[in-house]
Each structure stands twice: as structure tokens, then as C-alpha cells.
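Visitor: Could you take one part of this model and look at it closely with me, and then lead me from there to the parts around it? I am in my first year, so please go step by step.

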Amino acid sequence: MKKLLIIFFLLYGQLVAFDKKSTLKIYDKIFTSMFHGDSAIYVYTPNNEYKNLFDNSSYIKPIKDLFKADIAFVTTKDELSNVLKTNPKIAVFTTNRHLLYDYQAVVGAFYWTKGRKQLIFIKDRLDKHHLKLPKEYEKYMVDEL
Amino acid sequence: MFIVFWRKLPIMKNYIVYIVLILLVQSKVVAQSSIDNILEEYNSKNALSKQTIDENKGHLFLFSRDDIERMHATRLEDIFKTMPSVYYHENRYALPDPMTSGSFEPYRSSYIRVYIDGVEVTQGWAGSGLLMYGNINIDFADHIEFYYMAPSYETSTEPAYLTIFIYSKETCRDEGANINLSQGSRGYGTQSVNYGGKYQDKSYMINLSHTNAKREKIDNGTDTPLKRNFEDIQLFGYIKDDTQSFHLQLLKKNTDSLAGASWDATPLKSKMDYLNLHMDYSLNFWQYYKFTISYDYFKTDFDQEDDYPLMYIIGKGHDKLKGDATTNTITTELSYSRDFENNYFLAGIKGRYKKLSDLNLDDEDVSTGIFNLERILSIFVQDQYILTSNSLLSFGMSYNYIKRNSQIPNDNLWQMRLGYIYSDESFKYKTYIYRTSFAIEPMSRSFLYYENDDIKPQTTFGITQEFGYKYQNQKLRLCLIYMHDKYSLMQVGDLSSNQNTEYFISIFEYNYKYDVNNKMMLQVEYARYNEIYDLDKLDDFSVYLSLYNRFAKLDFYNGFVYRINSVDWKNYIDWTSTISYDINENLTITIKGDNILNKAKKTRLYRFDPTKSPVSDMEPLNISPIDRSFSINLEYTF
């Protein structure tokens, strides 16, 4: 069946906006690295598409209570504004480069630029939230923007 | 054949030293941690090209966004020059014409078709949009797909040898603004700005670029060398949602047209200016239907003068030609596509209306009562049947009816294509058998005075095969192409002589990905052509080696294109090199060298001496379409 799907993919092309398996894999990696522990990582996201994606994760648990969440995940300015209105102290991760530049609450971003996804974390902001990333992330960290 | 290459090898030693040095740098592989690998896997699986590639369109040569960015390719010619078999050539008017024979034909590459976001751009009378789009600024492009051989009928309105699909950047991946500034040798300068955004459920993008191309002059043995400078302004924009899309492209180009219409390539004046407008609208409806309408406007202003009669004896004087020509082309298409169990069925109808609306020579309208209208009706059906879980059979048939005015004979053309694709995790095989018919395009019919002749359509029979194998981070591919043209249009001189042309093209490709940041690609091509242009046979051999390296904030690209053919057995090598440095997250500086060794492949430009009676051959000029140039580029994203 998998092989059949590969052929369909070659033929029909424009069926999917992004590859869910590799997307989930990278968020699993990012969030487990940020929170180290073996237990589940509670992520609050107002975005249904990502909520559905995280539902399939063995590591990430989508949660509705923003105060019980380890981190908030947003994609737009409106989503971020609503999150910060409810809980201004929460660490935020985003897919929007502009939010990373404009909001101190955003500790990191995974966004498109020049046709490639870029991963970036702000060291000072991670420190403020007592978050520490392994050494392998060094090249994805900057002191400030 | 290979003995000749071997003998030529010592000449190549200097170049091989460069390549070996760069390969040494390439081999300095830095061990990558897992986040790097996961990120790379993500980028690879989510490249926009993964959503547009259609293996059934033919034999694919892909330039991904990553390739284009790292090559720092700014114009389509930067990509085109690496293509096996065709290369990038310019004709005697300094226009992109990869299939030019170097002789006196007005345009040769009519059967290379250009598509932007799936819709063909055309200049109507010349047959192909390549005339203008062959060296456009590609700052708006995400990735480019080249498909060799007869394409699937899903895309083509008229037959083609090679189809080029340029896909624009998507707003969801390129939201915001991007500015590119470049300054290079001889004062060559380019400015480009790109902006993409979203409004409610619609996404839009606009790209505006300006190029002032100061190019190398060509010595023609007189005190006035040939010039091919150009200045162009290009606007590209789209707005689209899930079911509809609208594209607008505007291209204005003022050029020095090299030898122009001068027999001996010594024009007193040679200028051509172009204005092209393209608009298209697409609508998906009732789940299975798609409607597309596109409009192309193309105006040429020409000003040619020589001290002897020009090639085209029209207008008031034989040694002067000043005027303008305007072509309008409208194309509509309605298609139906649906999958039934193991079948993916497609059917459609297309219509194209091409009119040479205005032709003014020396302020006199001469467009009435001449051959100036072509109407093309195409009907096609295609089915792709899944034989097993990893193999597929495709069959397509198309009928084209071309109706012309002014008592020019009409054409009934039939196209057929049978294909088989096998694909599993590591192995891929494709084969096509097809029969295609090509009619001579209107511009050549008019300019070569075939209006009163019954030029038979060229009938091409082709068999192609492709073998692909992937093992870990290595990929191998072999393409074998055989074509036989009956009543070949690939001839110089009398097209009614009913010559046959044969092509055998073999392309071997090897890709090796050292790690996330470092990769190489080697492509080797050998082709044999029989009875092409005025040659009994032509052997062509080429190698393209590309090396991509990244170290911290530095990015390197080195591309070597080596070519040799039996016309003169001369070695040509085109070395392109770029070094980029990311100053910060938003700003990148790049230094680029094109044709660094000044040994890039040259195009022959044939000449006649009009002062002799009978007219005699002169030594042809050898002109490289790729200038030796160095440039510095700044890219700012915000």
C-alpha cells in the first residue's frame, strides 16, 4: 500500500501541503530536547492543524489549559496575542519569523526562509524560562536578534 | 570517438587541477548531529518540488530551490547552460535559442515550451515563449523542472521536445519581502524585489526586477564590434486561493540585436525592443473540472540597417528595415480528470488563436491580406492505469487541427504516447514510445518564404528509457533516448527536401550527498545526430560537475560544464563559482564568477559575403552566449 501511495504521489502531486511524518519528527525532537525529561511534554496550541498533528505524537501531548502547558505553540500574531493575554509568562515557540523578532516571549522559531526551514532559538529568552538545549543545538542559537 | 576525447585530455589537465582541489575541500566532511539530519530530512521531504513533480511528463531534470539558491542562479540561462544535449545558445539576434544552427533561420527553438505555474507562456508567432523567457530573471522562481521528450497531453497544447516548468515561490514559504542587488563586470547591474503575503484566504506575490546588462562586445573584423547589451524590466505577480489563480507577467526588453539581419554580421544599426504581457486565469470546479484561459501580447520594434541588402527583403529599402510587429495569442482549455479504482483518467479540449495583428514597415501597415492567422484545436485523452502496487501504464492520444488563413495549407496532427513506470524504494524504471507531429511555426513559414509551399509536418517516432537506482546517500540514473524525424524541420535550407533526422542521446547521472551541507552531482552525456541541420552526422559529448559545500556561514558552489562536439573538436569549459557569506540572519553577501576561464561553449554564427557574386561563405564568428563576468550580490530578507 505504501508503494502504491508513492506512485500516486508522483502522479497527483499537489495533494498535501507538508509531509506530516517528517514534521512530527522534528517537533518531537525539538520539544524533547527543550524539556529533557522522559515524561510527556504538554503543548498548548490554538492551531487545529498542529493540534491534530501533535495528537499523533508519542512525546507531545496537546493540552487545553494554558497554565498547565510547558510551552505554547503559535503560527500567527492573533494566536500569540490571545496566548499572552491569558498567560503572559509562558514560553512560546512559533512558525512565524516576524513573531520571533517582535515578541520577547517567543523563545524559538521553525520557519521558512529562502525555500528552506530554518530553526533558531534566542539564548537569553531560553535562559529567562530556565530552558537549556543540548550542545548539538549550538549552531541554531543566537544571543539576540 | 573516445580516442579523440583521450587525445584532447592533456588540454584539460589545467582544469582537472581546479576540480581536484575543490573535490579535496568537498571531502572534508563534518560529522553531523541528529538534529541536522532530521532538519535536512524535513527540508528534503517538504521541498515545493515534491508537490509539482509529475513523473509522467517525461524525463525530469530538476533544479530545486536549494540548488537555485546555492548556485545563485539569477537568470534562466544560468540553469539552462548546465542542461545536457541542448545547452544555452543565443542566435544572431542575441535571443535565447538553444537549438539554433547558427545559420540564418529566424528562430529554431519553437519546440521548447515554457510554463509558469503550469500555464504555457507563448509568443504565438514564434511558437515558443522561450524567445523572451529563455533568460528571464528567476528571482520569483522556487524551482524549475525540465522534462525531455514528448510531454503528457495534460500540459501540452502544441507538440514539444523539451518542456520547462518554472514554479513560483509560495507565499506560505516566502512571506514578507526580499531584496536582491547585484553589480558586476562592465557595469552589469540587477535589482529585484519580491513581496508575498496573505489576505483572508488568498495569497499573493509580486516580483519586480530590473537588469541593465552590459555584455561583452564581439569583434566582427570591423571598427564597429557587435553589441548585445540589453535592459529589461520584469513584473511577475499572482493572486490565488484553493480553487482559482490569476497570474500577470509583464516583460519589457530593449536590446542591441547582435548581427541582426546583416548577411555578413556587420550591421550599421541593429536594435530590437520587445514588450510582452501574459495573463492567465484558472478555475477548478465541480471537483473534476479545470478551466484555464490565457492571453499573450507580444510586440517587437525593430530597427536594422546595413550597407548591403538585408536578409529579409521587405519594406521600402533593401538595406534598411524599421517597423514593428504585434502578435496576440489566446489559449483556452477545459479538462476533466478523475480517478476510478486503478485508473487516473484525463480528457480535455484546448483552443489557441494566434494572430499577427499588426505589421508596420517604414510606417506602412502591411498586415492585411497576408498570412497572419493560425487557429489550433486540440482534443486529448489520457489514462494512467496502476498495474501493480509499484508499476503503472499510461496511454495518451491527442489530435491537433491547425487552420491557417491566406490559403496556407491546414494541418491535421495526431500524437500518441505509451508509457510504463516502475518505482520502488530504491529502483525506478521508465519507458515511453511515442509518435508526435510538429508543424513549422508561423514565423519561420513567413520569413523563410514557405507560404506557397506545402511543408509537411515533421513526424517524430521516439523510444526512451530511464533507469534509476538509489542506495543510501547515492543516486544513479541513466537516460537513453532515440528519435527519428520524418520530414525533419531540423534542416538548414530547403525544408521541402523531406530529409530524415535521427537522434540518439544517452545521459548518465550520479549524485552523492556527503552530508546535510555537502553534495555533488556528475552528469555525462553523449549524443549522436544524423542528418541534422546541414551536417551528415554530429557527435556531442558533455560533462557537468556540480559541487555544493557549506561550512558555518560560508556557502560554496562550483559548477563545471565541459563540452566538445564533432563540428570542430574544440574543448570548451565553463566554470561558475560562488562564495556566499551570511552576515546575519537576514543579510547575505555573494561573490560570483561566471565563465571564469573564458572558455565556455561558443555558438557559430554563419556569414555570407554579399559583395561577391555569387554570394560566398565567410569565416563564421564564434560567440559565447555566456560572458566572462564577476559580480557582487547583496540579498536582504525582512
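Guide: In this model, which is predicted, B:L258 has 26 C-beta neighbours inside 10 Å and therefore counts as buried, since the cut-off for that word is 20 or more. The residue is found in the loop of chain B that runs between β10 (244–256) and β11 (269–285). Its backbone deserves a second look, because most residues other than glycine have a negative phi. B:L258 is not a glycine, and yet its phi is positive, at about 50°.

B:Y533 can be read in a similar way, for this residue too has a positive phi of about 50° without being a glycine. Its place is the loop between β23 (519–532) and β24 (535–551) of chain B, and with 20 C-beta neighbours inside 10 Å B:Y533 counts as buried.

A third loop residue of chain B, B:G187, lies between β6 (176–184) and β7 (189–199) of that chain. Here the count is 10 C-beta neighbours inside 10 Å, and so B:G187 counts as exposed, the cut-off for exposed being 12 or fewer. The chain also brings B:G187 and B:K214 together in space: they stand 27 residues apart along the chain, while their C-alpha atoms are separated by 6.0 Å.

From these loops we can turn to a sheet of chain B. Five strands make an open sheet in the order β1-β4-β5-β2-β3 (chain B), and their pairing is mixed. At its edges are β1 (59–63) and β3 (119–121) of chain B, each of which pairs on one side only. On average, and with direction ignored, neighbouring strands of this sheet are turned by 25° against each other. Strands of a sheet pair through backbone hydrogen bonds, either parallel or antiparallel. For β1(B) and β4 (residues 141–148) of chain B the sense is antiparallel, and the pair extends over five bridges; there B:L60 stands opposite B:Y147 in β4(B).

The next step leads from chain B towards chain A, by way of a helix. Helix α3 (residues 34–45) of chain B consists of 12 residues, and its reach of 16 Å from first C-alpha to last is close to the 16 Å expected at 1.5 Å a residue. Its residues B:L39, B:Y42 and B:N43 are buried. Looking down the axis of α3(B), one finds the buried residues within an arc of 95°, so they line one face of the helix. What they pack against belongs to chain A, namely α2 (20–35) and β6 (116–122) of that chain.

This leads to the contact of the two chains, to which chain A gives 24 residues and chain B gives 31 residues. On the side of chain A that touches chain B, the elements giving two or more residues are α1 (2–12), α2, β5 (106–113) and β6 of chain A. The element that gives the most is α1(A), with six residues. Sorted by class, this side of chain A holds 10 nonpolar, six polar and eight charged residues.

Let us end inside chain A, which has six helices and seven strands, and in which 28% of the 145 residues count as buried. Its seven strands form an open sheet with mixed pairing, in the order β2-β1-β3-β4-β5-β6-β7 (chain A), and the edge strands, each pairing on one side only, are β2 (60–62) and β7 (141–142) of chain A. β7(A) pairs with β6(A) in the parallel sense over two bridges, and A:V142 in β7(A) is the bridge partner of A:I122. On this sheet packs α2(A), touching β1 (41–44), β2, β3 (71–74) and β5 of chain A, and its direction makes about 115° with that of β1(A). The helix α2(A) has 16 residues and reaches 22 Å from its first C-alpha to its last, close to the 22 Å expected at 1.5 Å a residue. Buried in α2(A) are A:Y27, A:I30, A:F31 and A:M34, and since they fall within an arc of 90° when seen down the axis, they line one face of the helix. These buried residues pack against β1, β2, β3 and β5 of chain A. Just after α2(A) comes A:H36, which takes a positive phi of about 55°.

Note on methods
Residues numbered from 1 in each chain as written. Chains lettered and ligands numbered in written order. Predicted model: local features only at pLDDT ≥ 70, side-chain atom pairs only at ≥ 80, totals over all residues. Helix = DSSP H or I, 4+ residues; strand = E, 2+ residues; numbered from the N terminus. Expected span 1.5 Å × (residues − 1). Arc of directions from axis to C-beta. Contact = placed C-beta atoms within 7 Å. Nonpolar A, V, L, I, M, F, W, Y, C, P; charged D, E, K, R; others polar. Pairing = 2+ DSSP bridges. Axes fitted to C-alpha atoms, helices over the stretch in contact; angles between N-to-C directions.
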